Amino acid sequence: MLQVPDIESPPVLSQWVHGGLQPFLEEPKVFGCLHGKNVSCETFQLLVAALDGLYPELPEGEQRNLYSGIKYYLTQNESNQKCYSEAIPGLNSTAWFKNYLGSFMEDATVEDLQLFADEPTLQKFARDPVNMEMISNLTLLRETALYYTFLLTSAPAFPLSSLPDRFLCSLSPSAVTNLSRDDALSLAQRIGESCPWIPARRGIPGERAPSSLPAQELQVTSSLLRKVEDFSPEILCALGQAAVGLSVSSIQNSISEQDLEAALPALGKVRGWSAEQSSAIVDKLLRSGYQLRDGQSLAQLGSLVGGLNSSTVWSLSPEVVLEAIKVPEFAQQMEPLPPALKRTFVEKISSSVAHPADLVKHIPDALASYIPKSLLVFGEEKPSVQDLNSKPWTPEQAAMFFSDVVKAEPDFSRLSQSVLQGFTCAAAKDVEAGRFRELAKVMRSKKVRLGEDQLSCLLRMVTLHGIPEDLDSYPKDLLLFLSPSDYAATGSCSQYFNNIGEANLDVLPRESPQRKQLLLEALACLKIPGTQINEEDAEILGRLVCDLGGEYIRNSGGILLKDLSQCESFLPDQEEAIRDVISSGNTTFGPPAAWSAFTLRDLSGLIPVFDHKILREIPKNSLTLWLKNFARDSPLSREELATVVGELLPTRHRRADGCSMEITEEMLSTDLMPAYYYNPEEFRACLRNMSLENQVFLENHLSQVLSYPFSVEQLQVLKDYLDERYPDGYPESLLSKLGPLTSLITPEEISTWKMNSADALAAFLKSQPPDLLASAVIKRYVELGNALNATALDAIGTRYVCLLNTTELQAIEPSSLKLVSLNPSACSQQTKDLLYEKAKEAFYPQHVFPAYYQLILPYLEGAPGEDLKALSQANVNMNMSTFVSLRRDALMSLTPREVQGLLGINLPDLAKWQYRSPVREWIRVQQQSQLDQLHIGLTGGTQEGYINLVTPKFPAPSSAPLGAMAMALHLLPALLLTFLMMSILS
């Protein structure tokens with residue numbers, strides 16, 4: 001007989017679960033043995049109650065295993081009702097979920113519930129007050145929560161007014177179809193109050209920000225508000241957060257301008273307006289005469305400020321904008337704005353303040369990262385450290401003022417993580433040598449993330465007087481540039497690699513020699529025999545597991561799968577090995593045919609590696625459950641999700657004879673819509689048969705719909721639909737919503753577009769189209785007479801700047817370039833040269849070091865030799881990655897002393913490059929005696945009394961005079977010999 005201990009004693013319970021019940025934790029089917037031991041349902045209730053008391057303390061895997069065992073016990077009984085009978089006392093309680101599942105109901109799927117009882121019985125269970133109270137405190141799977149609420153509300157004439165608030169967030173649109181106007185309004189208000197955000201799901205990262213109603217609640221709220229034909233200011237104000245359910249057509253046709261303005265104070269507090277909704281409201285307000293004459297009238301827009309376009313903001317006086325952003329509630333509304341609009345606000349605010357220090361003081365946090373670097377050069381009047389500490393800077397921004405801060409702040413621990421990430425070698429001169437260790441330790445405590453060049457420089461300064469013996473007090477990422485022997489004074493090699501496993505390995509390129517060496521040293525340290533890794537070693541290796549070759553993955557079985565699921569990418573041999581291991585079925589996860597939705601959640605990072613064979617073996621039910629409950633929180637892209645959805649479709653398309661499933665607003669609001677229209681021709685027919693109302697809904701919510709995992713064929717059908725709707729070219733309002741359709745667009749189609757604003761250009765380029773299309777859209781933008789201003793240049797960015805032709809580059813005003821951050825390192829030399837001259841003109845008025853160096857740094861590959869020579873006097877501590885990328889003719893013109901001036905504390909790195917181009921070629925044309933004066937062991941220079949004849953093997957803008965000089969040197973011996981012979985003969 002199963003003996004259940006005192007459920008009031010957690011220590012006794014824990015010992016019992018992990019002792020006597022260990023087999024039940026490891027193999028759920030062991031629960032089936034309880035039937036053989038004649039364990040009754042009443043006794044099983046005691047077991048569930050005992051386990052329920054321990055549920056919060058159990059690891060998620062054990063929770064799931066125990067639930068699987070409970071389910072196994074309950075479903076062994078072949079009757080339709082498990083442990084339930086109205087006629088048997090002791091088994092007639094409708095508090096069945098509480099009695100037999102308890103908190104383990106968090107793992108139950110809809111299909112599981114349907115195994116436990118028929119629907120009428122489940123309805124009784126769902127309405128039991130004990131069950132309802134328990135469910136109110138659990139986080140059910142999304143689909144289970146929807147089904148449970150359906151069970152509650154599916155009874156005839158069930159009064160939705162009596163539905164507890166906890167279940168409002170899981171209503172379905174079908175449950176609200178028969179409500180009166182007043183009841184619909186009342187319910188919409190309750191949903192807005194009870195469902196302001198999506199709650200976090202257990203164990204799943206990526207919790208959604210509380211900015212909007214989730215799709216399901218939004219869909220229900222929209223259904224409710226469609227029952228209202230007119231909206232008075234009183235109704236609009238009473239809706240609260242539920243107002244986000246207003247359709248664009250309702251805003252345009254069912255609400256008067258006067259009522260909108262009267263309700264503006266309430267509407268401006270609603271979170272989560274879509275771009276289409278806020279634009280519709282703001283456009284209607286402005287057309288009716290609403291004027292943004294002062295800061296108060298602008299601030300009153302609140303969350304609707306996203307409905308303004310850049311040109312409207314540009315038309316406002318700077319004082320109006322500055323006054324508005326001083327209102328805290330309005331400043332908080334800057335966060336969800338599109339980048340182009342944020343940048344416009346920053347430019348307006350900057351033009352209204354007298355000094356950059358005032359800009360830092362007044363700028364809202366949400367806009368701080370959009371301040372151009374050139375506006376963070378403070379000169380004599382500097383902002384307070386407190387003001388700088390309070391803002392969320394980017395590393396590039398923080399680098400502009402890091403030098404000023406470390407000079408002004410005696411206690412590094414008072415600096416924020418945001419400021420500390422701006423550390424640069426150029427600012428190293430402003431930190432006393434003895435304080436670098438203090439600075440580095442603070443960086444560890446603040447969890448500051450630095451790049452490769454920053455870490456390399458920091459390490460050099462920290463080890464000026466030898467390697468510290470307390471390396472565990474320094475950033476773990478520094479260890480990437482040390483070896484186990486360097487760490488010996490601090491700890492063992494296994495301790496060293498345990499820290500390496502927790503470091504940011506991505507600081508080093510994936511295939512870099514340093515990263516390969518780290519893995520080899522780790523395997524040697526752990527004394528791993530052959531190519532098999534155990535769990536303990538995998539835990540020590542941490543992220544180094546991602547670098548293990550295919551042999552290790554294959555020979556380690558399934559031990560590495562969960563760790564590999566956290567890796568960002570794989571090499572081909574790793575992918576093949578992962579597929580082999582999974583296909584073998586010899587893992588703790590079992591063969592794919594036995595996988596559940598939870599297995600897919602645990603391995604979601606590996607799904608892109610799965611081939612068709614593996615995906616076909618996974619039960620379709622598991623794939624569907626995973627898509628419904630977990631896919632939105634997975635790391636998979638839309639295209640990768642489309643591959644999974646494709647596995648749910650029949651392998652052979654039946655012939656379409658029209659539309660068998662109407663496209664409704666409800667269908668347009670579900671992210672599994674692609675699974676319902678697997679036949680492209682049927683999808684085409686259904687789009688053509690849509691009602692006018694649903695056509696408007698689709699176009700107003702096109703961005704959302706295109707985020708669904710449609711196949712390429714389905715996307716083509718959607719594009720064809722839009723082409724039919726707009727035969728003369730897409731309107732500007734549609735360009736920001738195209739998303740994945742951009743890959744199907746041709747340059748010829750782009751040539752018909754009406755693109756009259758930098759906002760439209762930015763919105764299109766945000767989807768990162770291929771270069772051919774980006775070039776076409778930039779060309780179209782310029783053809784229509786639009787300027788390449790700061791907003792346009794920011795949209796073009798580093799990704800597309802190389803596509804600009806000479807005419808377009810020359811048209812860029814230095815004043816515009818000053819306000820953006822571009823890096824033309826991947827461009828042609830001609831482009832680099834042009835942009836360097838523009839950048840030099842833009843930033844020269846701010847010729848204050850080290851700030852000027854940070855501004856001009858991205859453009860230095862176009863700098864001529866004379867500018868580099870001048871820069872060598874400024875103590876900039878240039879890193880080697882920048883040095884070896886300099887224009888070759890400019891680099892070759894530098895003397896050893898000038899190179900020393902440029903590199904500063906990074907000079908020792910020059911020796912590591914002496915056998916690689918371009919340093920090798922530079923060394924050959926230098927006097928060895930001058931190289932010796934650098935004291936870093938450079939060899940290969942010209943000896944005294946010799947002429948080193950080197951012909952450059954690289955193109956350069958000034959190659960003609962250099963080639964002529966090389967030719968003259970080449971002919972010099974012959975000329976000297978001729979001269980000597982003539983002298984002798986004479």
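Contact here means heavy atoms within 4.5 Å. By that rule, L298 touches L292, L308, L316, V320, V321, A324, F330 and F345, leaving aside residues up to four places away in sequence.

This is a predicted model: local features need pLDDT of at least 70, side-chain atom pairs count only at pLDDT 80 or more, and totals for chains, interfaces and linings use all residues. Residues are numbered from 1 along each chain as its sequence is written, and side-chain values use heavy atoms, with hydrogens and water left out.

**The core**

L298 belongs to the largest nonpolar core, which has 311 residues. Such a core is a set of buried Ala, Val, Leu, Ile, Met, Phe, Trp, Tyr and Cys residues joined through side-chain atoms within 4.5 Å. Buried means under 20% relative accessible area, exposed means over 50%, and partly exposed lies in between (1.4 Å probe, protein chains only). M105, L298, W626, F883 and L910 touch the most other members of this core. In soluble globular proteins, nonpolar side chains tend to be buried together.

**A covered helix**

Helices are DSSP runs (H or I, at least four residues), numbered from the N terminus. Helix 59 spans residues 896-903. Six of its eight residues are buried. They are P896, E898, V899, G901, L902 and L903. What covers them? The cover includes helix 56 (865-871), helix 57 (880-883), helix 60 (909-912), helix 61 (919-924) and helix 62 (928-932). Just after helix 59 comes G904, with a positive phi of about 55 degrees.

**Two packed helices**

Two packed helices are described by the angle between their axes and the distance between the axes. Helix 49 (residues 758-765) packs against helix 50 at an angle of about 175 degrees, and their axes are 11 Å apart. Axes are lines fitted to C-alpha atoms, for helices over the stretch in contact, and angles run from 0 to 180 degrees between N-to-C directions. Angles under 35 degrees count as roughly parallel, over 145 as roughly antiparallel, 65 to 115 as roughly perpendicular and the rest as oblique. Helix 49 and helix 50 are therefore roughly antiparallel. On one side of the contact are A758, L761, F764 and L765 in helix 49; on the other are L773, A774, V777, I778 and Y781 in helix 50.

**Salt bridges**

A salt bridge is a side-chain nitrogen of Lys or Arg within 4 Å of a carboxyl oxygen of Asp or Glu. The whole structure holds 40 of them. Three are listed here.

| Acid | Base | N to O distance |
|---|---|---|
| D52 | K98 | 3.9 Å |
| E783 | R780 | 3.9 Å |
| E861 | K832 | 2.8 Å |

E861 lies in the loop between helix 55 (851-856) and helix 56, while K832 lies in helix 54 (residues 829-843), so this pair ties together parts that are 29 residues apart in sequence. Both E861 and K832 are buried. Elsewhere, salt bridges with shared partners join D506, R510, R515, R543 and D547 into one network.

E783 and R780 sit three residues apart in helix 50 (residues 771-783), about one helical turn. R780 is buried, at 17% relative accessibility.

The bridge between D52 and K98 links distant parts of the chain: D52 is in helix 4 (residues 41-54) and K98 in helix 6 (residues 96-100), 46 residues apart. Is D52 buried or exposed? D52 is buried, with a relative accessible area of 17%. K98 is partly exposed at 36%.

**Around S494**

S494 lies in helix 32 (residues 493-502). S494 is partly exposed, with a relative accessible area of 29%. The side chain of S494 makes a polar contact with the side chain of S492 at 3.1 Å. A polar contact is a pair of N or O atoms within 3.5 Å; within protein, one must be able to donate a hydrogen and the other to accept it, and residues adjacent in sequence count only if both atoms are side-chain atoms. S494 also touches C525, L526 and I540, not counting residues up to four places away in sequence.

**Backbone exceptions**

Most residues other than glycine have a negative phi, and most peptide bonds are trans. K447 is not a glycine, yet has a positive phi of about 55 degrees. K447 is exposed, with a relative accessible area of 65%. N877, also not a glycine, has a positive phi of about 55 degrees. N877 is buried at 5% relative accessibility.

A cis peptide bond joins F849 and P850, with omega about 5 degrees. P850 is in the loop between helix 54 and helix 55. The bond from S917 to P918 is cis, with omega near 5 degrees. P918 is in the loop between helix 60 and helix 61.

Note on methods:
Helix = DSSP H or I, 4+ residues; strand = E, 2+ residues; numbered from the N terminus.
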